[in-house]
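Me: I'm new to this structure and would like to look around it with you. Could we go through it question by question?

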Amino acid sequence: MIYQRSSALFAEAKKYIPGGVNSPVRAFKAVGGDPIFVKKAKGAYLYDEDGNKLIDYIASWGPLILGHAYEPVINAVIEKAKNGTSFGMPTEIETELAKLAISMVPNMDKIRFVNSGTEACMSAVRLARGYTGKDKIIKFAGCYHGHSDSFLIQAGSGAVTFGSPNSPGVTQGTAKDTLLADYNDLEGVKKLVKANKGELAAIIIEPIAGNMGCIVPTDSFMKGLREICTQENILLIFDEVMTGFRLARGGAQEVLNVKADIVTYGKVIGGGLPVGAFAAKSEIMDFLAPDGPVYQAGTLSGNPLAMSAGLAMLTELNNKPAVFQSLSDKTEYLHKGIAKVLTAKGVDHQINRFGSMISVHFTDEPVVDFASSAKGDNETFKAYFHGMLAKGIYLPPSAFESYFLNDALTYADLDATIKALEGIQL
Ligand SMILES: *Cc1c(COP(=O)(O)O)cnc(C)c1O
């Protein structure tokens with residue numbers, strides 16, 4: 001396939017937009033080459049500016065779980081837009097979406113809508129700090145919680161007591177309140193909690209990690225985190241921006257059978273429009289302005305178009321919970337197909353999968369945390385990525401990203417993907 005026009009558009013974009021993109025991973029830095037400019041999409045397929053048709057495994061990084069341009073969502077947005085796009089006043093649809101979302105997930109009384117996953121996580125931590133009266137948080141190396149200052153803290157090797165900023169612009173003052181632990185390492189968490197007794201407001205985690213490839217927590221790790229948080233009066237925040245309404249109606253809380261104190265949402269909850277949200281029991285949520293002292297606001301929060309997309313999406317998922325099994329079955333099929341081809345080629349690999357999230361790592365060691373994920377061979381990944389792209393298969397352009405299957409993918413698409421892999425030299 002030829003991607004000529006995309007390259008020309010990228011060159012033009014770079015003149016006016018930093019790096020030519022409005023979110024860095026889109027720029028293909030990890031794999032090299034120019035990004036694809038998309039013109040339109042329908043179901044499982046992207047149609048780019050060169051007229052190519054690609055099978056999409058990203059689904060806008062997760063939101064489009066039922067496929068692109070899903071009619072109930074599109075129609076809801078079109079109808080809503082006719083009555084105006086924003087009012088800065090309350091609308092009934094906000095309550096409708098809130099009520100539905102809360103009915104689908106365990107353990108939550110109230111929810112507030114924002115415009116992105118970043119805002120949801122940033123606000124959740126502020127709320128946790130306000131509610132507990134404590135400052136520090138623990139996050140896990142390789143987990144992504146959006147780009148707000150507190151979360152842009154990189155892993156050091158081994159146990160790190162004080163985080164060091166990994167982005168210029170994050171102050172040391174902010175970084176010192178974010179402590180780092182390794183995913184699936186309960187002992188490391190225990191040590192940090194002990195060393196910072198009485199100072200921790202929250203532990204925030206991706207309950208199934210998807211930003212260092214897909215990484216599944218062990219049962220004892222998750223249950224252990226819950227126990228520590230309860231014992232030490234620390235709020236457990238599940239960042240379900242990726243997993244919420246994707247793994248099950250009730251997200252990771254439901255599938256792992258672990259209750260969080262605050263849960264953040266994004267991606268699927270907006271059906272492809274910009275929506276984030278955070279939820280908790282009333283006791284915690286009532287700490288938010290205007291009822292409580294913790295300030296949080298947004299001119300476009302609860303935007304009617306975004307709410308209508310979210311409502312249409314969650315209504316579909318709520319009415320058709322079989323879709324989660326269908327997605328999981330497709331993902332398993334893809335897993336087996338890819339594994340078979342890579343094994344036949346003699347290429348070292350690990351495939352991690354949970355529900356409709358899956359990632360392929362070119363290493364012979366199990367991938368259980370950031371360090372093991374980082375051991376994947378990037379040259380092989382690049383060859384894999386570009387080989388697949390040349391055959392019209394659009395995979396995430398970084399080994400640290402999970403694929404997100406959408407239910408418009410057919411078994412014929414999956415077979416075509418596996419067959420494409422057969423033809424690639426790794
Ligand atoms: C995508 C993502 C975010 C950030 O959401 P944005 O809408 O991009 O700001 C936060 N947490 C997780 C787990 C995510 O996958």
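Me: How many Å separate a polar side-chain atom of Thr 118 from an oxygen atom of the ligand?
Reply: Keep in mind that this is a predicted model. Thr 118 is one of the residues around the ligand. The distance from a polar atom of its side chain to a ligand oxygen is 2.6 Å.

Me: Which residue has a backbone N or O atom 3.1 Å from a nitrogen atom of the ligand?
Reply: The residues around the ligand include Gly 117, Tyr 144, His 145 and Lys 267. A nitrogen atom of the ligand has a backbone N or O atom 3.1 Å away, and this atom belongs to Tyr 144.

Me: What distance separates an oxygen atom of the ligand from an N or O atom in the side chain of Asn 211, and what share of the ligand's accessible area does the protein cover?
Reply: For the side chain of Asn 211, the distance to a ligand oxygen is 3.3 Å. On its own, the ligand has 380 Å² of accessible area, and the part of this covered by the protein is 82%.

Me: How do the residues of the shell around the ligand divide into nonpolar, polar and charged?
Reply: The shell includes Val 241 and Met 242, as well as Glu 206 and Asp 239. Sorted by kind, the shell has three nonpolar, six polar and three charged residues.

Me: Why is strand β12 largely enclosed by the rest of the structure?
Reply: Let's look at the two sides of β12: Met 357, Ser 359 and His 361 point one way, while Ile 358 and Val 360 point the other way. In a regular strand the side chains alternate between the two faces of the sheet. Strand β12 is largely enclosed because, of its five residues, the number buried is five.

Me: Which strands are at the edges of the sheet that contains β12?
Reply: This open sheet has three strands in antiparallel pairing, in the order β11-β12-β14. Strand β12 pairs with β11 over five bridges and with β14 over two bridges. The strands that pair on one side only are β11 and β14.

Me: Which residue of β14 is the bridge partner of Ile 358?
Reply: Bridges link β12 to both of its neighbours, and Val 360 is the partner of Ile 351. Toward β14, Met 357 is matched with Phe 404. The partner of Ile 358 in β14 is Tyr 403.

Me: Which residue in the hairpin of β11 and β12 takes a positive phi?
Reply: Strands β11 and β12 run antiparallel. Two residues lie between the strands of this hairpin, and the one with a positive phi, near 55°, is Gly 355.

Me: Which strands stand at the edges of the four-stranded open sheet?
Reply: The order of strands in this sheet is β1-β2-β3-β13, with mixed pairing. Each edge strand has a single partner, so one of its sides is left without a neighbour in the sheet; these strands are β1 and β13.

Me: Which residue in β3 is the bridge partner of Leu 46?
Reply: Strands β2 and β3 run antiparallel and are joined by three bridges. In β3, the residue that partners Leu 46 is Leu 54.

Me: Is Asn 52 buried or exposed?
Reply: Asn 52 is in the loop between β2 and β3. Among the residues Asn 52 touches are Met 1, Tyr 3 and Tyr 47, and a polar atom of its side chain lies 2.7 Å from the backbone oxygen of Ile 2. Its relative accessible area is 10%, and buried means under 20%, so Asn 52 is buried.

Me: Where does Ala 30 lie, and how does its 33% relative accessibility make it count?
Reply: The loop between α1 and β1 holds Ala 30. Its contacts include Asn 378 and Pro 397, while 34 Å separates its C-alpha atom from that of Glu 254. With a relative accessibility of 33%, Ala 30 counts as partly exposed.

Me: In what sense do β8 and β9 pair?
Reply: Both faces of β9 are covered, with Ile 262 and Thr 264 buried on one side and Val 263 and Tyr 265 on the other. Ile 262 is the bridge partner of Ile 237. Strands β8 and β9 are linked by three bridges, and the sense of their pairing is parallel.

Technical notes. Residues are numbered from 1 along each chain as its sequence is written. This is a predicted model: local features need pLDDT of at least 70, side-chain atom pairs count only at pLDDT 80 or more; totals for chains, interfaces and linings use all residues. Side-chain values use heavy atoms; hydrogens and water are left out. A residue is near a molecule or strand if one of its heavy atoms lies within 4 Å of it. A polar contact is a pair of N or O atoms within 3.5 Å; within protein, one must be able to donate a hydrogen and the other to accept it, and residues adjacent in sequence count only if both atoms are side-chain atoms. Accessible areas come from the Shrake-Rupley method with a 1.4 Å probe; for residues, only the protein chains shown count as cover. Ala, Val, Leu, Ile, Met, Phe, Trp, Tyr, Cys and Pro count as nonpolar, Asp, Glu, Lys and Arg as charged, and the others, Gly among them, as polar. Buried means under 20% relative accessible area, exposed over 50%, partly exposed in between (1.4 Å probe, protein chains only). Two strands pair if DSSP finds at least two bridges between them. Contact means heavy atoms within 4.5 Å. Lists of a residue's contacts leave out its neighbours within four places in sequence.
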